[in-house]
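Please look over the sequence and the model shown below before reading on. The paragraphs that follow lead through some of its parts in turn.

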Amino acid sequence: MENTTILKGSITPIITPFRYGAVDYDAYARLVDWQINNGGHGVLVNGTTAEPNTLTAQERNCLVDVAIDVAAKRVPVVAATGSQSHAETIALTTYADKAGADALLIVTPYYIRPPQRGLVEYYADIGSRTQKPLMIYHIPGRAAVNAELATVKAIKERVPHLVGMKHAVNDMGFVTQMLDAFGPKWRVFVGLEELSFPMLAVGACGLMNAVGNLAPRKVADLYEATERGDMAESRKLHFELFELNQSVFFDTNPIPIKYMMKRMGLIENNEHRLPMVPATAELEKRLDRVLTQAGLISM
């Protein structure tokens, strides 16, 4: 297994830009490069913010290729390769492994609502097919399945290269439970923006937050301040990011993020694929106020 100490800091789930319905790979390459040049510690490909369920497997694989090529070893590239389909997860994982992703993030299979023993067998099977560092993507609000601590322990016993979890649920206690069970080397990435500072303070190793698409330097600063023990600075940044963090959830992610990125000039087109749709006029006005308050645009 590769060195997992590189898996830390702000690893931003990059959005997927579209142009006339097709994935705009050139725009995606620019976003990856912009993220790295503006302080991001890594990039996450095909996370929830990338609308992966609206993409074909080939499109997801192409995004992995672009990210790895553009990153050029400057920062780690984490590929989200999970699906509701076991077969598709195998195919996506195998591709990202061979392409050279530094780690793999696999969401709990959604919609199916499997029993806990099913999750153990699922991750054990995927883990047997790669030696890349694996992380569980724990997002019960979207996947409709909750991974219990005993289940994570059972998976870890079967998959030694299971190294952590992206934890996107309002459950601070579970972070402490995992770190107590697995030790400080267990990689916990914060998946809910508003809990960034609290989870980092407890011992999370980093952030995988959509808001990193908007303010990568400030999100990275929050991590770095916490890592060096400057809690006063961390708390200050927490409140500076507070309204921006809230705005991510004014509508289904990444509807607000994509609109704000267009307003900032980061993407040319604010496009989604159905059933996702662009922000309403009312939401646009609300987001404009947030961006103005954050100093990211001027009205």
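Which residue follows α3, and what is the sign of its phi? The residue is Gly100, and its phi is positive, near 110 degrees. The model is a predicted one, in which local features need pLDDT of at least 70 and side-chain atom pairs count only at pLDDT 80 or more, while totals for chains, interfaces and linings use all residues. Residues are numbered from 1 along each chain as its sequence is written, and side-chain values use heavy atoms, with hydrogens and water left out.

Helix α3 itself covers residues 86–99, where helices (H or I, at least four residues) and strands (E, at least two) are DSSP runs numbered from the N terminus. Its 14 residues, at 1.5 Å a residue, should span 20 Å, and because the end C-alpha atoms are 20 Å apart, the two values agree; the expected span is 1.5 Å times one less than the number of residues. At the N-terminal end, Ser85 acts as a cap, with a side-chain oxygen 3.3 Å from the backbone nitrogen of Ala87. Such a polar contact is a pair of N or O atoms within 3.5 Å; within protein, one must be able to donate a hydrogen and the other to accept it, and residues adjacent in sequence count only if both atoms are side-chain atoms. The buried residues of α3 are Thr89, Ile90, Leu92, Thr93, Ala96 and Asp97, where buried means under 20% relative accessible area, exposed over 50%, and partly exposed in between (1.4 Å probe, protein chains only). An α-helix has 3.6 residues a turn, so residues three or four places apart point the same way. The cover over the buried residues of α3 includes α2, β5, β6 and α4.

The strands bring us to the barrel. Eight strands form a closed barrel in the order β1-β4-β5-β6-β7-β8-β9-β10, with parallel pairing; two strands pair if DSSP finds at least two bridges between them. Strand β4 (residues 42–45) is joined by three bridges to the parallel strand β1 (residues 9–13), and Pro13 stands opposite Leu44. Three bridges also link β4, again in the parallel sense, to strand β5 (residues 77–80), with Val43 opposite Val77. In a regular strand the side chains alternate between the two faces of the sheet. In β4 both faces are covered, since Gly42 and Leu44 on one side and Val43 and Val45 on the other are all buried.

Farther along the barrel, five bridges join β7 (residues 134–138) to the parallel strand β8 (residues 162–167), and Met135 stands opposite Gly164 in β8. Helix α6 (residues 149–158) packs on the sheet and touches β7 and β8, contact meaning heavy atoms within 4.5 Å.

Returning to β4, the loop between this strand and α2 holds Asn46. Is Asn46 buried or exposed? Asn46 is buried, because its relative accessible area is 4%. Its side chain reaches the backbone oxygen of Arg60 at 3.1 Å, and, not counting residues up to four places away in sequence, Asn46 touches Pro52, Leu55, Arg60, Leu63, Val64 and Ala80.

A last stop is Glu284, found in helix α12 (residues 281–293). With 26% relative accessibility, Glu284 counts as partly exposed. Apart from neighbours within four places in sequence, Glu284 is in contact with Tyr259 and Ala279.

Key. Axes fitted to C-alpha atoms, helices over the stretch in contact; angles between N-to-C directions.
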